[in-house]
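This report looks at surface character and charged pairing in the structure shown below. Please keep the sequence and the 3D view at hand while reading.

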Amino acid sequence: LVRSYLRTRLLKIQKLYQSLLTDDQRYNLMSREEQRFCRSYADLVGKHFHSCVLDRLPENLRGMANEEMIAQPPLDDHVFVSVLEDIPDPVH
């Protein structure tokens, strides 16, 4: 279960890395390891885009900072949770 959660979390970071890097509030919600992964992933994707596509375009079209291109998280989506087992007093 924990592995599945972590895998899903990393997939979300990969999908929304640009948005996370430009929003300090959301960025600070990640753990140090997730922040490091996010920055590293952004560097790798940037290098890949430059070597495969952007370096072949005219200088004025090479930017990747267009806000319309940044994926935003769906903040209005609902989340459903199913409780499998009652845990008495989980805080203590």
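## Nonpolar surface patch

In this predicted model, a nonpolar patch on the surface is formed by Val2, Tyr5 and Leu6, which together have about 330 Å² of accessible area. One of these residues, Tyr5, lies in helix 1, which spans residues 2-22. Tyr5 counts as exposed because its relative accessible area is 53%, and the cut-off for that class is over 50%.

## Salt bridge between helices

Side chains of opposite charge can pair when their charged atoms come close. The structure holds two salt bridges, and one of them joins the side chains of Glu34 and Arg9, with an N to O distance of 2.6 Å. This pair links distant parts of the chain, since Glu34 belongs to helix 3 (residues 32-52) and Arg9 to helix 1, with their positions 25 residues apart in numbering.

The two partners fall into separate accessibility classes: Glu34 is buried, with a relative accessible area of 14%, whereas Arg9, at 29% relative accessibility, is partly exposed. Glu34 is classed as buried because its 14% falls under the 20% limit.

## Salt bridge of Asp23 and Arg26

A salt bridge also brings together the side chains of Asp23 and Arg26, where the N to O distance is 2.9 Å. Arg26 has a relative accessible area of 22% and is therefore partly exposed, as the value lies between the limits of 20% for buried and 50% for exposed residues.

Technical notes: Residues numbered from 1 in each chain as written. Predicted model: local features only at pLDDT ≥ 70, side-chain atom pairs only at ≥ 80, totals over all residues. Heavy atoms only, no water. Patch = residues over 30% accessible without salt bridge, like charges linked within 9 Å, V, L, I, M, F, W, Y side chains within 5 Å. Areas by Shrake-Rupley, 256 points an atom, 1.4 Å probe, with all protein chains shown as cover. Salt bridge = Lys/Arg side-chain N within 4 Å of Asp/Glu carboxyl O. Helix = DSSP H or I, 4+ residues; strand = E, 2+ residues; numbered from the N terminus. Buried < 20%, exposed > 50% of the residue type's maximum accessible area, 1.4 Å probe, protein only.
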